[in-house]
Amino acid sequence: MKKTSLWLGAFGALALLLAVAQAKVLINGAGATFPNVIYAKWFEEFPKKSPEAQINYQSLGSGAGVRQLTEGTVDFGASDMPMTDEQISQMKVKPLHFPTVLGGVVPTYNIPGVTQDLKFTPAVLAGIFLGKIKKWNDAGLTSANPGVKLPGNDIVVVHRSEGSGTTFVFTDYLAKVSPEWKSVVGVNASVKWPAGIGAKGNEGVAGLVKQSPNSIGYVELIYATQNKMGYGFVQNAAGTFLKADLNSVTEAAAGAARNMPDDFRVSITNAQGKNAYPIATFTWLLIPSKFADTEKKKVLVEFLRWMLVDGQKYAASLGYAPLPKEVVAKEQIAIARIQ
């Protein structure tokens, strides 16, 4: 009798565990590497409020996020660049853009013997990545950095090898400050680089720069700070040299926050303002406007509402700038568009 009771108890416990497992709503997403740190935190914390939610996210790059959402292999995508009209037209279900946090793209470098934070003008950054400025002691660099002993070594340029929102943001900035960049290279998640070697992801670029003497690359601010890498000041539209931080990135979004378009697709590179960091961006979740699975829709709607309030509290401590309150208010209204 005792064995029967134990067996029944074990069976009951197993049935309960299976019921709990079956009650989980599994949601898969993929995309941008830049917000991966905060997304990992959010997808860990949100289920504590909504135990039925299980959100899996693959940090593969913005291009992969857009592609997988278009192919229907994920429930949501993530990108550091807004989708184009052409990309949206290829989708069966129109995606909605929801900004999540703000970040900056920074020039990070590894020059043996140089410990100072270098200053980069727009012309110098464009010249380096165009392959026209080849030496660290080029006049454009030495004039902006008096007193810094820059070597005559060749500059090793590092860029992303895959479709990347970070690349989109960086090339979007360069196209605004350099007519030659705009005409020769252009703006895209993946471009034909005039110079340099490629690495995959923000992690890959940061790692390659860190191990390659005399190199320079571009990464999201959080990857430079996490890897304790030096990164430079960039001269903004007002002529001020600024080092990216949460305040200067937030300042870049100030104008856009007041005039945010209804679809949230906006560029904030080379923003006006004395204290606006010039290579700044929102990053977006790409959410289908219509769901066949009502449970998945319910969880994602709940997550978006949580992200806009409780989720923002994690931003600063993880190296991201939180959303301006005007953008939060507009997004809270936009959630109703998800059917």
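Me: Which residues in helix 5 meet Phe 170, Tyr 173, Leu 174 and Val 177 in helix 7?

Reply: The model is a predicted one. Helix 5 covers residues 122-129 and helix 7 covers residues 165-177. On the side of helix 5, the residues that meet those four of helix 7 are Pro 122, Leu 125, Ala 126 and Phe 129.

Me: How do the residues of the contact of helix 5 with helix 7 divide into nonpolar, polar and charged?

Reply: The contact joins residues such as Leu 125 in helix 5 and Leu 174 in helix 7. No charged and no polar residues take part, and the nonpolar ones number 8.

Me: Why is helix 5 described as oblique to helix 7?

Reply: The axes of the two helices come within 10 Å and cross at roughly 120 degrees. Angles from 65 to 115 degrees would count as roughly perpendicular, and those over 145 as roughly antiparallel. The crossing angle therefore makes helix 5 oblique to helix 7.

Me: Which strands are the edge strands of the open sheet with the order 5-9-10?

Reply: The sheet has 3 strands and mixed pairing. Strand 9 pairs with strand 10 in the antiparallel sense over 2 bridges, and Gln 235 stands opposite Phe 241 in strand 10. Pairing on one side only marks the edge strands, strand 5 (119-120) and strand 10 (241-242).

Me: Does Ser 190 count as buried, partly exposed or exposed?

Reply: Ser 190 lies in the loop between helix 8 and strand 7. Exposed would require over 50% relative accessible area, and buried under 20%. Because its relative accessibility is 47%, Ser 190 counts as partly exposed.

Key. Residues numbered from 1 in each chain as written. Predicted model: local features only at pLDDT ≥ 70, side-chain atom pairs only at ≥ 80, totals over all residues. Heavy atoms only, no water. Pairing = 2+ DSSP bridges. Axes fitted to C-alpha atoms, helices over the stretch in contact; angles between N-to-C directions. Parallel < 35°, antiparallel > 145°, perpendicular 65-115°, else oblique. Contact = heavy atoms within 4.5 Å. Nonpolar A, V, L, I, M, F, W, Y, C, P; charged D, E, K, R; others polar. Buried < 20%, exposed > 50% of the residue type's maximum accessible area, 1.4 Å probe, protein only.
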